[in-house]
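Here is a walk through one model, from its helices to a few individual residues. Please keep the sequence and the structure in view while reading.

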Amino acid sequence: MSMKNRAKATAKNVEGKVQEAIGDLTGDPKTQAEGKEKQAEAKIRHAVEDVKDQAREVME
């Protein structure tokens, strides 16, 4: 399950980077902000997965 969630987070991060780059190219601050928001969400998702992994290691 963890790998599936990490893959989704990575996809969200890539999506955010692309959206931010498009915003940079077009000069659209809203698109840039939305891209950065998606990247932040992906970072949080990765952190959650890290905590889950650490909890599993402690329980083993």
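**Two helices and what lies between them**

Helix H2 covers residues 29–59; its 31 residues reach 45 Å from the first C-alpha to the last, close to the 45 Å expected at 1.5 Å a residue. The model is a predicted one. Helix H1 covers residues 2–26. Its span also agrees with expectation, because 25 residues at 1.5 Å a residue should span 36 Å and the end C-alpha atoms of H1 are 36 Å apart. These are the 2 helices of the protein, which has 0 strands. Just after H1, Gly27 takes a positive phi of about 75°.

The overall dimensions come next. The C-alpha atoms fill a box of roughly 50 × 15 × 10 Å along the principal axes. The radius of gyration is 14 Å, whereas a compact globule of 60 residues would have one near 10 Å. About 4,500 Å² of the protein is exposed, and carbon and sulfur atoms supply 60% of that area. Of the 60 residues, 23% count as buried. The protein carries 12 positive and 12 negative charges, and the mean positions of the two sets are 3 Å apart.

Which residues of H1 are buried? They are Ser2, Asn5, Arg6, Ala9, Lys12, Gly16, Gln19, Glu20 and Gly23. These buried residues of H1 pack against H2. On the other helix, Thr31, Gly35, Gln39, Ala42 and Glu49 are the buried residues of H2, and what covers them includes H1. Contacts along the chain can also be sorted by separation: among those between residues at least 6 apart in sequence, 53% join residues at least 24 apart.

Two buried residues, one from each helix, show the packing in more detail. Thr31 sits in helix H2. Its relative accessible area is 16%, and Thr31 is therefore buried, the cut-off being under 20%. Not counting residues up to four places away in sequence, Thr31 touches Gln19, Glu20, Ile22 and Gly23. Of these partners, Gln19, Glu20 and Gly23 are among the buried residues of H1.

Glu20, one of the residues that Thr31 touches, is in helix H1. With a relative accessible area of 19%, Glu20 falls under the 20% cut-off and so counts as buried. Leaving aside neighbours within four places in sequence, Glu20 is in contact with Thr31, Gln32, Gly35, Lys36 and Gln39. Among these, Thr31, Gly35 and Gln39 are buried residues of H2.

Distances along H2 can be followed from the same starting point. How far apart are the C-alpha atoms of Thr31 and Glu49? They are separated by 27 Å, with the two residues 18 apart along the chain. Both Thr31 and Glu49 are buried.

Arg56 is also in helix H2. Is Arg56 buried, exposed or partly exposed? Its relative accessible area is 40%, which lies between the 20% and 50% cut-offs, so Arg56 is partly exposed. Arg56 and Glu20 are 36 residues apart in sequence, and their C-alpha atoms are 35 Å apart in space. Thr31, in contrast, is in contact with Glu20.

Methods
Residues numbered from 1 in each chain as written. Predicted model: local features only at pLDDT ≥ 70, side-chain atom pairs only at ≥ 80, totals over all residues. Heavy atoms only, no water. Helix = DSSP H or I, 4+ residues; strand = E, 2+ residues; numbered from the N terminus. Rg over C-alpha atoms; globule rule 2.2 N^0.38 Å. Buried < 20%, exposed > 50% of the residue type's maximum accessible area, 1.4 Å probe, protein only. Contact = heavy atoms within 4.5 Å. Areas by Shrake-Rupley, 256 points an atom, 1.4 Å probe, with all protein chains shown as cover. Lys, Arg positive; Asp, Glu negative; His and termini not counted. Charge placed at Lys NZ, Arg CZ, Asp CG, Glu CD. Expected span 1.5 Å × (residues − 1).
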